[in-house]
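Dear colleague,

I am handing over a structure that you have not worked with before, and I would ask you to keep it open while you read. My notes on what was found in it follow directly below.

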Amino acid sequence: MGTNPTKAAGNIYCQCRKAAAMFNDKLNSREGAAELLGISPSTLADYELGITKIIPADNILRMADLYNAPELRNHYCRNCCPLGGDVPEIDMDSLDRITVKALASLRKVEQTKENLLDITEDGIISEDEKPKLDRILKELDDLSAVAHNLRVWVEKNA
């Protein structure tokens, strides 16, 4: 088999393995990667070709560790796990882009805090407060996503 698979080229598992092969030559082939992962080459091929739809979580963890690709955990939790629908999507941005996004989100924190206190101080959320609360939750979700992106960047690069 060649070192540049065409059928699996767009598959995240194949992309991460190929990126990791820059640092570990054994990952250039499915056979070498499968040996290091403790699975058969045909099983890895099924993952990379999208034939296997539900990959065991322990195999995802091994691939993420071996390939230094924490984004595989995020991909799995977001797209394969039935419980992971609310996992924020990560963007593999550069550190400076993540920092700008974090600072922009943090700039809103003080006002968000004040708005949340105004809405919840009486222990009742009225109908006219619900849209404001939805905006607050969106801002907190945005901050959470930036924090998640930063965590993945640090795991991958630091």
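In these notes a residue is called buried when its relative accessible area is under 20%, exposed when that area is over 50%, and partly exposed in between, as computed with a 1.4 Å probe on protein chains only. By that rule T99, with a relative accessible area of 35%, is partly exposed.

Please bear in mind that this is a predicted model, in which local features need pLDDT of at least 70 and side-chain atom pairs count only at pLDDT 80 or more, while totals for chains, interfaces and linings use all residues. Residues are numbered from 1 along each chain as its sequence is written, and side-chain values use heavy atoms, with hydrogens and water left out.

To stay with T99 for a moment, this residue is found in helix α6, residues 95-107, where helices are DSSP runs (H or I, at least four residues) numbered from the N terminus. T99 and S126 lie 27 residues apart in sequence, and from C-alpha to C-alpha they are 36 Å apart in space.

Salt bridges come next. Counting a side-chain nitrogen of Lys or Arg within 4 Å of a carboxyl oxygen of Asp or Glu as a salt bridge, one arrives at 10 salt bridges in the model. One of them joins the side chains of E48 and R17, at 2.6 Å from N to O. This pair links distant parts of the chain, since E48 sits in helix α3 (residues 41-48) and R17 in helix α1 (residues 12-20), 31 residues apart. Both partners are buried, for E48 has a relative accessible area of 1% and R17 one of 0%. The side chain of E48 also meets that of R30 in a salt bridge, here at 2.7 Å from N to O. That pair, too, links distant parts of the chain, with E48 in helix α3 and R30 in helix α2 (residues 30-37), 18 residues apart, and both E48 and R30 are buried. R17, R30 and E48 are thus linked in a network of salt bridges.

E48 appears again in the surroundings of N11, which is placed in the segment before α1. Taking contact to mean heavy atoms within 4.5 Å, and leaving aside neighbours within four places in sequence, N11 is in contact with Y47, E48, L49 and G50. N11 is buried, with a relative accessible area of 16%. From N11 to E155 there are 144 residues in sequence and 21 Å in space, C-alpha to C-alpha.

Helix α4 (residues 57-66) has N59, I60, M63 and A64 as its buried residues. Seen down the axis of α4, these fall within an arc of 135 degrees, so they line one face of the helix; the arc is that of the directions from the helix axis to the C-beta atoms. The buried residues of α4 pack against α1, α2, α3 and α5 (71-79).

What is the sign of phi at N68, just after α4? Phi of N68 is near 50 degrees, a positive value in a residue other than glycine. As background, most residues other than glycine have a negative phi. N68 lies in the loop between α4 and α5 and is partly exposed, with a relative accessible area of 37%.

Finally, there is the matter of enclosed space. A cavity here is a set of points, on a 1 Å grid over the protein atoms alone, where a 1.4 Å probe fits but cannot get out, and its lining residues have an atom within 4 Å of a point. Grid points are joined across faces, edges and corners, and a volume is the space filled by probe spheres set on the points. The count comes to 1 cavity of 30 Å³ or more, and the largest cavity holds about 70 Å³. Its lining consists of S105, K108, V109, T112, E139, L140, D142 and L143. Both α7 (109-120) and α8 (130-157) supply at least two residues of that lining, and α8 gives the most, with 4 residues.

One of these lining residues, D142, has a side chain that meets that of K138 in a salt bridge of 2.7 Å, N to O. K138 and D142 are 4 residues apart in helix α8, which means that about one helical turn separates them. K138 is partly exposed at 48% relative accessibility, and D142 is partly exposed at 30%.

With best regards

Notes. 1 Å grid on protein atoms, 1.4 Å probe; cavity = no way out; pocket = protein on both sides within 12 Å on 5 of 7 lines; lining within 4 Å.
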